[in-house]
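Work through the exercises below with the structure in view. Try each task before reading its solution.

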Amino acid sequence: MARYGKDHKQATRRRIIEMAGRRFKRDGIDGSGIAALMSDAGLTNGAFYAHFASKEDLVTNAVADQLRAQRESFAAQTSDGGPGQVVREYLSVRHRDNPGEGCPSAALLDEIGRCTDATKQAYTEGILAIIDGINNARSATDDPEAARVKSLSVFAMMVGTLQLSRALSDPALADAVLEQGLRNVLAVRSADQPG
């Protein structure tokens, strides 16, 4: 039997985490069994425990990875078009209609709230890194903690708008909710700008 090196094991673990992140966002954490997760990665169920202690261990790693990727995406969008570009991309029909490729918060927030403390901690660290990155890109403030809380609240508005738009059965109403949410978030951001 051929033995694989450490790099192969790390690459395989990385593939499992990436595929699980997409599956979780598409089908939910509870709706994603180990068999489906491993099949997505092109592996058998038996290989799972060579990489993770439990499904919750994978969930924690996948949530952290998804938030890291989102932070990098937001940073790129901010450098291309400013923070407003992040809002426009986030509250778009394309984002709404592709949850597996989108925001882990909009897809998983209710389930993360019921996860272990380790997953909640990974989520907290990841979302604060996103928010702090957005705040750093905007400008310095005299009260960074207040700016962080305000940005978290604006982000919550974006997440809720996206979730509601996804849940509505009337496509025209779902689109209208996205459009109004975009206007609301941009208005809050505009009111927050100095001078």
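**Exercise 1.** How much area does the protein expose, and what share of it do carbon and sulfur atoms supply?

Solution. The model is predicted, with pLDDT of at least 70 needed for local features and 80 or more for side-chain atom pairs, while totals for chains, interfaces and linings use all residues. Residues are numbered from 1 along each chain as its sequence is written, and side-chain values use heavy atoms, without hydrogens and water. Accessible area comes from the Shrake-Rupley method with a 1.4 Å probe. The protein exposes about 10,500 Å². Carbon and sulfur atoms supply 53% of that area.

**Exercise 2.** State how many helices and strands the protein has, and what share of its residues is buried.

Solution. Helices are DSSP runs of H or I with at least four residues, and strands are runs of E with at least two. The protein has nine helices and zero strands. Buried means under 20% relative accessible area (1.4 Å probe, protein chains only). Of the 195 residues, 38% count as buried.

**Exercise 3.** Describe the largest cavity and its lining.

Solution. A cavity is a set of points on a 1 Å grid over the protein atoms alone where a 1.4 Å probe fits but cannot get out; lining residues have an atom within 4 Å of a point. The structure holds one cavity of 30 Å³ or more. The volume, the space filled by probe spheres set on the points, is about 190 Å³ for the largest cavity. Its lining has 16 residues, and the closest to the centre are Ile-134, Ser-151, Val-154, Met-158 and Arg-189. Helix α8 gives the most to this lining, with five residues.

Key: Buried means under 20% relative accessible area, exposed over 50%, partly exposed in between (1.4 Å probe, protein chains only). On a 1 Å grid over the protein atoms alone, a cavity is a set of points where a 1.4 Å probe fits but cannot get out, and a pocket is an open set with protein on both sides within 12 Å along at least five of seven lines; lining residues have an atom within 4 Å of a point.
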